[in-house]
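I opened my notebook to go through this one at a modest pace. Here is what I looked up, in the order I looked.

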Amino acid sequence: DPIADYGSFGFDVDGYLPCPFPPPTESSLELVPTEIAVYQPCGGVFGVDLRVNNIYNLTAFEVCLGYNPAFLEFDSVVIDPGFLGGTGRDVFPLPPAACTPTCQPSGVRFGAYTAGSENAPSGSGRLATIRFSPRGMGAATDSLCLQNWEFTNDDLPPTIIPLNAVHGLAITHVPFC
């Protein structure tokens, strides 16, 4: 490949690094926390965060989150503009829609895109909080899973960012308060 640009060291001034750091192959996507106990008769809504780690120039994302409707009812998705808009870009959430994961009977697709002349965000941060309420009354174990995600950067044309490590979430349903 031809050399596209040169970096420089900075002595008492900032240096310049034209290449992505860390390499996109080290990027990961995870649900936080990785385990949760849900006390079903108590009611209420609980949230799970979607985090991205070591991403470079993220301009848009979409993901399908799989869940079991026998145990959980989808409530809402709140896109966190803190990371996506952290460089000054405008953040535009996509409305949640049904999706068909192979890892669970139901799913919800959500995401956001950004626009602006500022650099797209790089690094790690929270992208969204997904809220569910428990269903059913028996003791059980369940999980949330991530599938069919697409993360793009602001290259021209935009390219899909590979995400190697994906973590799901284990749920223990407790039949008492």
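**Disulfides**

I began with the cysteines and found two disulfides in the structure. I keep in mind that this is a predicted model. For the chemistry, I noted that a disulfide is a covalent bond between the sulfur atoms of two cysteines.

The pair I took up to start with is C64 and C99, joined with an S to S distance of 2.0 Å. I read 80° about the S-S bond, and the link is right-handed. C64 sits in strand β4 (residues 58–67) and C99 in strand β6 (residues 90–99), so this disulfide ties together parts that are 35 residues apart in sequence. I checked burial too: C64 is buried, and so is C99.

Next I went to C103 and C145, which are joined by a disulfide with S to S 1.8 Å. The link of C103 and C145 is right-handed, with 75° about the S-S bond. C103 belongs to the loop between β6 and β7 (106–115), while C145 belongs to strand β9, so the pair ties together parts that are 42 residues apart in sequence.

Are C103 and C145 buried or exposed? C103 is partly exposed, at a relative accessible area of 32%. C145 is buried, at 12%. I needed the cut-off here: buried means under 20% relative accessible area.

**The nonpolar core**

I then asked which residues touch the most other members of the largest nonpolar core. That core has 33 residues, and the answer is L50, F61, L65, F110, L127, L144 and F151.

I picked L65 and listed its contacts, leaving out residues up to four places away in sequence. L65 touches two cysteines I had already met, C99 and C145. Its list also includes F110 and L144, which are named with L65 among the core residues above. The other contacts of L65 are L31, S106, G107, V108, I130, F132 and L146.

**A buried aspartate**

Last, I looked at D142, which is found in strand β9 (residues 140–153). What is the nearest side chain of opposite charge to D142? It is R135, 10 Å away; D142 is buried yet has no salt bridge. A salt bridge would need the charged atoms within 4 Å.

I did find a polar contact for D142: its side chain meets the side chain of Q104 at 3.4 Å. Beyond four places in sequence, D142 touches N68, F71, L72, Q104, L169, A170, I171 and H173.

Methods
Residues numbered from 1 in each chain as written. Predicted model: local features only at pLDDT ≥ 70, side-chain atom pairs only at ≥ 80, totals over all residues. Heavy atoms only, no water. Helix = DSSP H or I, 4+ residues; strand = E, 2+ residues; numbered from the N terminus. Buried < 20%, exposed > 50% of the residue type's maximum accessible area, 1.4 Å probe, protein only. Lys, Arg positive; Asp, Glu negative; His and termini not counted. Polar contact = N/O pair within 3.5 Å; in protein donor to acceptor, adjacent residues only side chain to side chain. Contact = heavy atoms within 4.5 Å. Core = buried A, V, L, I, M, F, W, Y, C linked by side-chain atoms within 4.5 Å. Disulfide = S-S within 2.5 Å.
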